[in-house]
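Subject: Handing over a structure

Hi,

Here is the structure I promised to pass on. Please open it first, and then read my notes below alongside it.

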Amino acid sequence: MRAATMYHLEGLTQAQIAERLGVSRPTAGRLVARARAQGLVTVTVSAPPHLAASIHPDLERELERAFGLDEAFVMAEPADASATGNAALGRAGASMLSRRLSDGDTFGFTWGPEQVAVADALGGGASCARVVQMDGSMTSVDYHTGVDHALSRFAERLGARPVRLVAPLFADPDTVRAMARDSVLSQALTAAKEADVMLFGVGSVSTSTTLFEGAFIDAAILDELVALGAVGEIGGRFYDADGAAVDTSLVDRTVSVPLDDIRACRTSILISGGEHRRESILGALRGRYATAVVTDVATSEWLLHRQERRR
């Protein structure tokens with residue numbers, strides 16, 4: 001009791017406790033640990049009342065345990081694909097990204113409205129060496145992906161050198177192989193694959209996905225994806241409900257970072273939410289593509305419920 005009181009209430013170090021009690025330093029450490037083990041110490045962390053409704057530490061810890069994440073950030077605002085929802089995701093994502101970047105890092109991102117929102121919300125303080133586009137964005141129609149805006153904004157805010165991937169997302173296999181051999185394009189692809197920190201959203205397998213809206217895929221491809229059990233995509237790479245890569249006709253036609261490289265990344269941040277993205281987020285988390293996630297309360301509760309039902 002004396003050791004625990006000195007340590008937890010008086011703020012003494014184990015060395016000071018040892019001196020005060022006339023025991024060795026290892027013994028002092030064991031006494032403090034024994035007090036916790038025997039239930040003599042209770043630690044309570046309470047949020048101020050004015051913040052209690054906007055932070056969700058218990059939900060975040062549950063997500064981290066359920067999916068083996070380093071960090072989960074659960075925001076109070078709903079991620080409903082509205083301007084307000086994307087802005088909230090952007091602020092939360094920018095906060096997490098800023099804490100996880102180092103000066104010498106290469107930072108890669110896939111294009112999408114959530115990533116644009118992160119770029120717009122990013123303030124000063126964080127920096128890295130390079131920022132690189134992880135997936136091609138050119139398409140046959142006039143579709144605004146926001147990738148140029150995000151790349152320039154990230155580079156500006158992070159003091160980083162931008163690395164553009166001037167390529168379509170999908171091309172015929174011979175063209176994809178030729179791009180991999182090209183001295184300029186191959187540098188961008190290699191930098192993206194080897195990024196130290198990655199930021200990405202997920203797309204659903206439906207007509208509401210940005211890939212369908214931007215004419216990157218058509219109805220025939222969508223039918224093929226549904227038949228093969230695809231539930232989501234990252235940078236045009238599709239996966240099923242367990243997170244396993246789906247072997248579609250698009251695999252050899254895709255110009256983006258492969259799923260295996262995303263899974264191998266040191267820090268990979270998934271930023272998404274909303275009912276329209278739940279199945280896609282669940283598959284990505286089960287596939288271990290993310291080490292950290294930013295999402296909303298309703299999505300978090302749904303993910304935990306589905307994961308619990310699986311056990």
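**What I found**

Just after α13, R288 takes a positive phi of about 65 degrees. Helices here are DSSP runs of H or I with at least four residues, strands are runs of E with at least two, and both are numbered from the N terminus. The helix before that residue, α13 (residues 278–286), is largely enclosed by the rest of the structure, because eight of its nine residues are buried. Buried means under 20% relative accessible area, exposed means over 50%, and partly exposed is in between (1.4 Å probe, protein chains only). The buried residues of α13 are R278, S280, I281, L282, G283, A284, L285 and R286.

A word on how to read all this: the model is predicted, so local features need pLDDT of at least 70 and side-chain atom pairs count only at pLDDT 80 or more, while totals for chains, interfaces and linings use all residues. Residues are numbered from 1 along each chain as its sequence is written, and side-chain values use heavy atoms, with hydrogens and water left out.

**The chain as a whole**

The chain has 14 helices and ten strands. Its C-alpha atoms fill a box of roughly 75 × 40 × 35 Å, taken along the principal axes. Of its 311 residues, 50% count as buried. Among contacts (heavy atoms within 4.5 Å) with a separation of 6 or more, 70% are between residues 24 or more positions apart.

**The ring cluster and the cores**

How many aromatic pairs does the structure hold? There are five. Rings of Phe, Tyr and Trp (its six-membered ring) pair if their centres lie within 6.5 Å; planes under 30 degrees apart count as stacked, over 60 as edge-to-face and the rest as tilted.

One of these pairs is F107 with F154, which is edge-to-face, at 5.0 Å centre to centre and with 85 degrees between the planes. This pair links distant parts of the chain: F107 sits in strand β2 (residues 106–109) and F154 in helix α7 (residues 147–158), 47 residues apart. F107 is buried, with a relative accessible area of 0%, and F154 also counts as buried, at 0% relative accessibility. F154 pairs with F109 as well: the ring centres are 5.1 Å apart and the planes are at 55 degrees, so this pair is tilted. Since F109 lies in strand β2 and F154 in helix α7, the pair ties together parts that are 45 residues apart in sequence. F109 is buried too, at 0% relative accessibility. Ring pairs thus join F107, F109 and F154 into a cluster.

The cluster residues appear again in the largest nonpolar core, which has 45 residues; L97, F107, F109, F154 and L158 touch the most other members. Such a core is a set of buried Ala, Val, Leu, Ile, Met, Phe, Trp, Tyr and Cys residues joined through side-chain atoms within 4.5 Å. Elements that give two or more residues to this core include α5 (83–100), β2, α6 (113–121) and α7. A second, separate core of 44 residues includes I234, V257, L259 and I262.

In α6, the buried residues are E114, Q115, V116, A117, V118 and A119. Their cover includes α5, β2, α7, β5 and β9.

**Two threonines**

Is T210 buried or exposed? At 17% relative accessibility, T210 counts as buried. T210 lies in helix α10 (residues 210–213) and touches W111, Y143 and F216, leaving aside residues up to four places away in sequence. T84, in helix α5, is exposed, with a relative accessible area of 59%.

**The largest pocket**

Finally, the largest pocket is lined by 14 residues, of which R237, F238, A245, V251 and L259 lie nearest its centre. A pocket is an open set of points on a 1 Å grid over the protein atoms alone where a 1.4 Å probe fits, with protein on both sides within 12 Å along at least five of seven lines; lining residues have an atom within 4 Å of a point. The largest share of the lining, three residues, comes from α12.

Enjoy exploring!
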